[in-house]
Amino acid sequence: MIIDAHGHIGMFNSWPLVKGRPEDVVNMLCNEGIDYVLVSSAKAIAYDCPSGNAEVLEAAAKYKEIIPMLCINPRRPEEAVAELSTRQARGFVGVKLHPSHHEYSLTSPAARAVLELCEESQVPVLTHSAEDDPGCGPQAIATIAERHPDLLLIVGHACLFSSREVVDVAEECPNVYLELSVNYEAAKLEDTIERLGCGRLLFGSDVPLHNPSVMVQRVKVIGLPKEEENKILCENTRRLFQLSV
Ligand SMILES: [Zn+2]
């Protein structure tokens, strides 16, 4: 089984050629033998969390491959608390944050309030990250990982790691997990596995913005023992999000 820890539905303005209807996303997965994908909504990431989250639930009801992620904007505290309070009842398995789009820092007081709630309820948080955005770069990840030692923190795109800084952070902080989408360069993943092992690495593709086949092959080309490869492609995500699939 393969579980993609990072996907979306909907249209992103800056990606006009991408088709993001739920059926488009599911087709891209099925072509690659991926069984499930954790999905957040482009609309929620762009501007409207409640209606984007509702879209994800609708898609999940229609397609068994889609597992819903709740997108939260900490800059709208009342809305964030309301969305979080019904998260479990509505079947969202985790929380998605996008500090770059929503224009805040993970270290801000607003984000801190949301992260505290997530830490308390042990709901995994997948945050967008990028080395060139101080609001969600390696330093910010280190700060919140230390501030919230029990937070299950998944670093989306692993900071798009062109340097090794985020790997240093993960080495220091056992509650930090790296999601690997959009990291295709030779040797980086091999080096990361050497330093961290496979237990905290999650296969993700950022489908439909990137074709999942590329990242599946990026993992498979290493030729890991099957049990280790399976951790990255499936087991780590299943365990972390307590998925029943
Ligand atoms: Zn994303």
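The following exercises, each with a worked solution, concern a predicted model.

## Exercise 1: the zinc site

Determine which residues and atoms coordinate the zinc ion, how these residues are spaced in sequence, and whether H8 and K96 are buried or exposed.

**Solution.**
Step 1. The zinc ion is coordinated by NE2 of H6, NE2 of H8 and NZ of K96, at distances of 2.1 to 2.3 Å.
Step 2. Written as a sequence pattern, the spacing of the donor residues is H-x1-H-x87-K.
Step 3. Because H8 belongs to strand β1 (residues 3-9) and K96 to strand β4 (residues 94-97), this pair ties together parts of the sequence that are 88 residues apart.
Step 4. The cut-off for a buried residue is a relative accessible area under 20%; H8, with 2%, is therefore buried, and K96, with 1%, is buried as well.

## Exercise 2: helices α4 and α7

Describe the packing of α4 against α7 by the angle and the distance between their axes, and then by the residues that meet.

**Solution.**
Step 1. Two packed helices are described by the angle between their axes and by the distance between those axes.
Step 2. For α4 and α7 the axes come within 11 Å and cross at roughly 15°.
Step 3. Angles under 35 degrees count as roughly parallel, and α4 and α7 are therefore roughly parallel to each other.
Step 4. The crossing of α4 and α7 is right-handed.
Step 5. On the side of α4 the residues are A80, V81 and L84, and they meet V114, L117 and C118 of α7; by class, this contact has six nonpolar residues, with no polar and no charged ones.

## Exercise 3: two residues of these helices

For L84 and A111, establish the helix in which each is found, its burial, and its contacts beyond four places in sequence.

**Solution.**
Step 1. L84 is found in helix α4, which spans residues 77-85, and with a relative accessible area of 13% L84 is buried.
Step 2. When residues up to four places away in sequence are not counted, L84 touches L70, I72, V95, V114, L117 and C118.
Step 3. A separation in sequence can be set beside one in space: L84 and K62 are 22 residues apart in sequence, and their C-alpha atoms are 23 Å apart.
Step 4. A111 is found in helix α7, and its relative accessibility of 1% means that A111 counts as buried.
Step 5. With neighbours within four places in sequence left aside, A111 is in contact with P74, Y104, S105 and L106.
Step 6. A111 and I72 are 39 residues apart in sequence, with a C-alpha to C-alpha distance of 9.8 Å.

## Exercise 4: helices α10 and α11

Work out how the axes of α10 and α11 are oriented, and classify the residues of their contact.

**Solution.**
Step 1. The axes of α10 (residues 188-196) and α11 (residues 212-220) come within 10 Å and cross at roughly 55°.
Step 2. An angle from 65 to 115 degrees would count as roughly perpendicular and one under 35 degrees as roughly parallel; α10 and α11 are therefore oblique to each other.
Step 3. The crossing of α10 and α11 is right-handed.
Step 4. K188, L189 and E190 in α10 meet M215, R218 and V219 in α11, and the residues of this contact divide into three nonpolar, no polar and three charged.

## Exercise 5: backbone geometry in the loops

Locate the cis peptide bond, and compare the settings of E103 and A158, whose phi values are positive.

**Solution.**
Step 1. Most residues other than glycine have a negative phi, and most peptide bonds are trans.
Step 2. A cis peptide bond joins V207 and P208, with omega about 5°, and P208 is placed in the loop between β8 (201-202) and α11.
Step 3. E103 has a phi near 55° and lies in the loop between α6 (99-102) and α7 (109-121), where its relative accessibility of 61% makes it count as exposed.
Step 4. A158 has a phi of about 45° and is found in the loop between β6 (153-156) and α9 (165-172); at 0% relative accessibility, A158 counts as buried.

Key
Residues numbered from 1 in each chain as written. Predicted model: local features only at pLDDT ≥ 70, side-chain atom pairs only at ≥ 80, totals over all residues. Heavy atoms only, no water. Axes fitted to C-alpha atoms, helices over the stretch in contact; angles between N-to-C directions. Parallel < 35°, antiparallel > 145°, perpendicular 65-115°, else oblique. Left-handed = near helix turned anticlockwise from the far one by under 90°. Contact = heavy atoms within 4.5 Å. Nonpolar A, V, L, I, M, F, W, Y, C, P; charged D, E, K, R; others polar. Donors = N, O, S within 2.8 Å, 3.2 Å for Na, K, Ca; no water. Buried < 20%, exposed > 50% of the residue type's maximum accessible area, 1.4 Å probe, protein only.
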